[in-house]
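User: I should like to study this structure through a series of questions. Please reason through each answer before stating the result.

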Amino acid sequence: MVRKRLGTWDVLVVAVLALVVVASSVLVDGFATSRFWGFLLLDVIPIALIALPMTLVIITGEIDLSVASVLGLSSAVMGQLWLSGTPLPLILPLVVLLGVACGAVNGLFVTGFGLPSLAVTIGTLALYRGLSYVVLGDRAVADFPFSWTGTFIEPLPGTTVPWVALVVLGLAVVFGVVLHATPIGRALFAMGNNDQAATFSGISVAKTKFWLFVVTGAVASLAGFFWTMRYASARADNGAGLELAVVAAVLLGGVSIFGGRGTLGGVLAGVLLLITLRNALQLADVPADTLTVVTGTLLIISVVGPNAASMLRDRLRRRRPA
Amino acid sequence: MRAIRNGVSLLTLSALLLTAAACASDDGGDTPAAGGDASAGASGEIKEGLSVAFLPKQVNNPYFTVSDNGGKAAVEEFKGEYKEVGPSEASASSQVSYLNTLTQQGSDVIAVSANDPNAICGAVKQARQGGAKVVTFDSDTNKDCRDLFVNQVTAQGIAENQVKLISDQIGGAGKIAILSATANATNQNAWIELMKTELKKSEYSKIELVTVAYGNDDDQKSFQETQGLLSSYPDLKGIISPTTVGVAAAARYLSGSQYKGKVVLTGLGTPNQMREFVKDGTVKNFALWNPADLGYLAAYAGAALASGIITGKEGEKFTAGKLGEYTIGPDSVVVLGPPTVFDASNIDQFDF
C-alpha cells in the first residue's frame, strides 16, 4: 500500500512539472529557449547535488540543515587557500576533506551522543557559517583563473546543457541505485520506519547514519567548489539559505519528513519543479516576494499533501471492507 | 519492482530535460536587442521606447526603492519602458539569475547595483553580448565587465564633506573620534584614510582624531562603542560616523544621554533614520548622496549608451535631464557630485 501511494506522488510531481513546462512555453516569452534551460540547469546543479544525500538522510528520519553552511565554509576556505598560493587541483581534495570533517562532526553528535539531528545541525549551521566569516571575513576572493571558472559553466558542445549537469545526473543514478536496489537502501528505509526494528534486524543504525552525514558533508563541499567556480567568487556568505531550498525540493519530491518514504526520481522532479517554476515566474516579471510566497506554499502542500492523501485513502479503505 | 519504476522515472526525467534543452537550440542566435530603433541617435537625442531595467541589490530596501524611483522618473522623461526586478535577499547569486532573465527578455539597458563585484561579472558580460548596455550604480563590478559605473560620490568628496561638517560645528578645534563599520570594510577604510589626510590641512590643525572605533554595522555594537568612546574620552568634542547604521545608533545613544547637544555627531545617514534626532537637537546635520538623483543619472547614462550618444570612453559627455551635463571620467566612471547635506531646513523633503 505504502509503495503504491509513493508512486502516485512521484507521478503527480512529474505531471505538474510537465504542466508547468508546457504552460510556460505558451505563456512566458523566452521560456522555450535553449538559453533559458542552460541558465536553469546551472541554478539546479548545486541544489540537486546536495538534495541527493539529503534524500537519504531524510529517509532515515534525520535531517542535515548545515549543508549550506558547509558550502559557505568550503568557499571561504577555498578563497583563503587560493590567497596563500595553493593550486586549485590541490584545493579541490582539501575542500572535500573539509566537508568530510564537517559531516563527521554532525554524525558524531547525532550518533555518538544520540542527539536529535535537527538540533545538532541547527547548531552547526550557525557554527560553520560563523567559521567561514572567521576564515575570510567579509572579503571576496575572486582572482581565480578563467581557465577554471569558465570551464565549470561550459556547455556540452552544440547544446546549452552544462557538462556538470551530466555529472550530477551520473551521481543521481549512483545514489538512486544505492537507495532503491541494494540492501543498504532497504536498511535506510527500515531505519526511517522504525529505528529499533532496524537495529534488531541486524543493521548498524549508528554506523550507517554517521557515514550518511559524512557523505552529505563531502557533497555539500563539492557543491561549494562548484558554487565558487560558477560565480567566480569565494565568499563567506555563499549559499546562505540554500538548505531551505534543498529541503523544500526533497519534500516536494515526495520524501516524508518523518522518514521511511520517498524516491530519488521524485526528488529530482521536485528540484526541477521548484527551480523551473521559480525561473519561469521570474521571467514573467513576478516580483521576488510573490516568488517566496509561491515557494512557501509549495512546501506546505508537499508536506501536507501526501499525508492528507494517505489519511483519506486509509479512511476509504476502512469503509470498503465493512 | 520499485527499482525498475524509479529507473523509469529517472529516464523520463532526463529525457524531458534533454528535449527541453534541445528543442529550441536553434533560437539562440536571436538578437534580443530589438527593443529600440536601429538608427542610432546621431543627433545626440535619446531614442524613444528603450526598455530600461533596474536591478537593485535587494528589492523592498528603502534606499533602493528611492534610487529606482529616481530611475523611473528619468525613464518616463525619455519615454522608455521602466521596470524594477531583483532578489528579496541581497545575494550575488540571485542577482545572476535576474541578469540572466533580463538577458533573455532582451533589455536595452540594465542598471544594476552589484552585491559582489565579481560574482555577477559573467552574467553582465552575457547580457552585453545579448545586446544590453549595462550600467552599475552605487556598487560597481570589476571595471572590465560593465559599460559604465555611476558613482554616487568620490571618496575624496566624502572625506572633505565629513571633516568640514564636524569642524564647522566644533569651531575648528578639539578631539574627535570616528565610528566606522567593520575594521576591514574597504569603503570605510578608504574614506577614513582620506579624512586623516584632510585633517592635516592647516585650517584643521587644532582638530585631533583620537581613535577609530568599529561598530561592525551592527546597531547594538555601534551603540555600545559610542558609549565606550564617551567614557574613554570625556573631553571628546565630536564623532563622525560615515555609516548609516553607526550614525543612527550613535544618535540614539546621544539623545538619551547627558551628552545630548554637547557632543557633536555627524556622518552619513538616511533622512528617515535621522529625522527624530535632527528634530530633537541631537544632530545638527549629516550627509549622504541623494539616491533618487543617483538612479536618475544611471537611467540617463544607460539610455545615452543605448542611443549611441556615448560609448563609455573617458571624456565623452552626455546630458542627464534636470541634472545637467556629465563627463565620463577614467575607468568609465561618472560621478554624481558632492554629497547632499541634510539638516532641519530640508530633511522633510526626503523620504528614504
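User: At what angle do H2(A) and H12(A) pack?

Analyst: This is a predicted model, in which local features need pLDDT of at least 70, side-chain atom pairs count only at pLDDT 80 or more, and totals for chains, interfaces and linings use all residues. Residues are numbered from 1 along each chain as its sequence is written, while chains are lettered from A and ligands numbered from 1 in the order in which they are written. Helices (H or I, at least four residues) and strands (E, at least two) are DSSP runs, numbered from the N terminus; axes are lines fitted to C-alpha atoms, for helices over the stretch in contact, and angles run from 0 to 180 degrees between N-to-C directions. The axes of H2(A) and H12(A) are 10 Å apart, and the packing angle is about 150 degrees.

User: What is the hand of the crossing of H2(A) and H12(A), and how do the residues of their contact divide by class?

Analyst: A crossing is left-handed if the near helix is turned anticlockwise from the far one by less than a right angle, and right-handed if clockwise; H2(A) passes H12(A) in a right-handed crossing. Residues in contact have C-beta atoms, placed from the backbone, within 7 Å, and those of H2(A) include A:Leu40 and A:Asp43, with A:Val267 and A:Asn279 among those of H12(A). Ala, Val, Leu, Ile, Met, Phe, Trp, Tyr, Cys and Pro count as nonpolar, Asp, Glu, Lys and Arg as charged, and the others, Gly among them, as polar. The contact of H2(A) with H12(A) thus divides into 11 nonpolar, three polar and one charged.

User: How is H3(A) placed relative to H10(A): parallel, antiparallel, perpendicular or oblique?

Analyst: Helix H3 (residues 67-83) and helix H10 (residues 205-230) of chain A have axes 8 Å apart and pack at about 55 degrees. Angles under 35 degrees count as roughly parallel, over 145 as roughly antiparallel, 65 to 115 as roughly perpendicular and the rest as oblique. The angle therefore makes H3(A), relative to H10(A), oblique.

User: Which classes make up the contact of H3(A) with H10(A)?

Analyst: H3(A) crosses H10(A) in a right-handed manner. Among the residues in this contact are A:Gly72 and A:Ser75 of H3(A), and A:Gly217 and A:Trp227 of H10(A). By class, the contact of H3(A) with H10(A) has no charged residues, eight nonpolar and eight polar.

User: At what angle do the axes of H3(A) and H4(A) cross, and how many nonpolar residues has their contact?

Analyst: Helix H4 (residues 88-112) of chain A and H3(A) have axes that come within 10 Å and cross at roughly 145 degrees. This crossing is right-handed. The contact includes A:Leu81 and A:Trp82 of H3(A) and A:Cys102 of H4(A). It has two polar residues, no charged ones, and nonpolar residues numbering 11.

User: Which domains form chain B, and how far apart are their centres?

Analyst: The domain bounds come from an automatic or database domain assignment. Chain B is divided into domain 1 (51-152 + 291-337) and domain 2 (155-288). Taken over C-alpha atoms, the centres of domain 1 and domain 2 of chain B are separated by 31 Å.

User: Which strands stand at the edges of the sheet S7-S6-S8-S9 of chain B?

Analyst: This open sheet of four strands has parallel pairing, where two strands pair if DSSP finds at least two bridges between them. Each edge strand has a single partner strand, so one side of each lacks a neighbour in the sheet; these are S7 (207-214) and S9 (264-267) of chain B.

User: Which residue is the bridge partner of B:Ala177?

Analyst: Strand S6 (residues 174-180) of chain B runs parallel to strand S8 (residues 236-241) of chain B, and four bridges join them. In S8(B), the partner of B:Ala177 is B:Ile239.

User: Which strands are at the edges of the sheet S2-S1-S3-S4-S5-S13 of chain B?

Analyst: This sheet is open, has six strands and shows parallel pairing. The strands that pair on one side only are S2 (81-84) and S13 (333-335) of chain B.

User: How many residues of chain B are in contact with chain A?

Analyst: Chain A brings 49 residues to this contact, and chain B brings 41. On the side of chain A, H1, H2, H7, H12 and H13 each supply at least two residues, and by class that side has 23 nonpolar, 17 polar and nine charged residues. The number for chain B is 41.

How values were computed. Two residues are in contact if their C-beta atoms, placed from the backbone, lie within 7 Å.
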